[in-house]
Amino acid sequence: MAQSVAPSSERNLGDQEASLALRARRKGLIFGAAELHDFLIDNAEYQAAFLRDCDLLVPMNELKFYDLRPTSPDFDFTAADWMVSFASSNHLLLRGHTLVWGLAFPPWAKLVPPGRDAERLLVDHIWAVAGRYRGLVHSWDVVNEAIEPYDGRPDFLRKSYWLNALGEDYIELAFRTAAEADPHALLCYNDYQLERIGAYDNQRREGTLKLLDKLVSKGVPIHAVGIQSHLPPNRNWFAEKEFMSFLDSVHRMGLRTIISEFEVGEESLPLDIAERDALVAQIAEDFLTPVLTHPSLSMVVTWGLSDRYTYRITYSPRSDGFPPRPLPIDAAFQRKPLWWAMARALDNAPGRAPLLGPLVTNPPGSQNSPG
Ligand code: XIL
């Protein structure tokens, strides 16, 4: 578990030097980051930087449906296998992202007819992926981004291939199948924009709570909620009161929470690096300090670790064309003010029981794929 992965040399370092992973571990939290295979492989310097700060790895894309099966039903596990073995050979916990998502879904699969064929596609996919890595995954994002109030449904569920093909029960089926395919993993629901001010954001929280409540009351195996936390580059965006009460509601259902894709958008912040880094650090600290006090909070995961490789270079470029700086270490892998803000928030967090896996106490009888 997280406590056992510290290199022994790290335990004696002074507080200034302590990694984010160690600071988190001291509080019963887990700290890690997502990254792409292409940036880690053959990159000893970045691997060392990653291992210095992280106890957990999320393969950023390699486990997604689209990336495993882009053009046909056949799987290509090459990159995913490398990520899983990088994690296990370096004693990193592994977070699986993601089994069922309306996006990252290839055109060939959209042609699978609704009903029985779609059900077989979902079940077989989960068995193939979660079953392959059974026992190696600390937590799985079983379903990603199922809520979208703009889609106009009273339950705020997102219109997607899966909703259309199987109705709302696709979510329950995904969790039940994942629990069978890997009874050792913690099973998570993951979504974005749960922390901001606004009527739309209230609906996102409301839709998410209704969905979770339904799953929990039906006895569906679900253990935690991933809150993506791609923070916006503004002030006065954080619905602190509503968000803390959202966390309370999730906790009352017996679920833990995870900051699962943390970074700070900075595309509209000033170009000056000192000024920009200070604002990014402030935005992060204003969010993390209260949130890390919450007893449900179990893990903090950043979406990337170094500015050199952030997906925002292509997804949210700055209009001035300069490189974005949304992550805790810079392009030369040096700590930034954001790193120190995260360190302070972790240091100020109260201790809690670590989120250990597996939590499934009654694993289903079947150990074999229904194939
Ligand atoms: C993003 C990746 O970072 C990109 O490399 C990829 O091209 C698209 O997906 N919410 C999620 C993540 O759950 O899977 C997304 O990751 C970012 C938003």
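Modeller: A polar contact is a pair of N or O atoms within 3.5 Å; within protein, one of them must be able to donate a hydrogen and the other to accept it, and residues adjacent in sequence count only if both atoms are side-chain atoms. The model is predicted, so local features need pLDDT of at least 70 and side-chain atom pairs pLDDT 80 or more, while totals for chains, interfaces and linings use all residues. Residues are numbered from 1 along each chain as its sequence is written, and side-chain values use heavy atoms, without hydrogens and water.

Colleague: What makes the pair between asparagine 144 and the ligand a polar contact?

Modeller: A polar side-chain atom of asparagine 144 is 2.9 Å from a ligand oxygen, and the limit is 3.5 Å. By that rule tyrosine 315 qualifies at 2.7 Å, as does asparagine 61 at 3.0 Å. Of the 410 Å² of accessible area that the ligand has on its own (Shrake-Rupley, 1.4 Å probe), the protein covers 82%.

Colleague: Which residues surround the ligand, and what makes a residue count?

Modeller: A residue counts if one of its heavy atoms lies within 4 Å of the ligand. That gives 13 residues, the closest being Lys64, His97, Asn144, Glu261 and Tyr315. The shell has 5 nonpolar, 5 polar and 3 charged residues; Asp, Glu, Lys and Arg count as charged, Tyr is among the nonpolar, and Gly is among the polar.

Colleague: How do you know whether the protein chain is compact or extended?

Modeller: The globule rule is 2.2 Å times the number of residues to the power 0.38, and the radius of gyration is taken over C-alpha atoms. For 371 residues the rule gives near 21 Å; the chain has 20 Å, so the value agrees with a compact globule. The C-alpha box along the principal axes is roughly 55 × 45 × 40 Å.

Colleague: What makes the peptide bond from histidine 97 to threonine 98 cis?

Modeller: Its omega is near 0 degrees. Most peptide bonds are trans. Threonine 98 lies in strand β3, residues 93–101, a strand being a DSSP run (E) of at least two residues and a helix one (H or I) of at least four. The chain has 14 helices and 9 strands.
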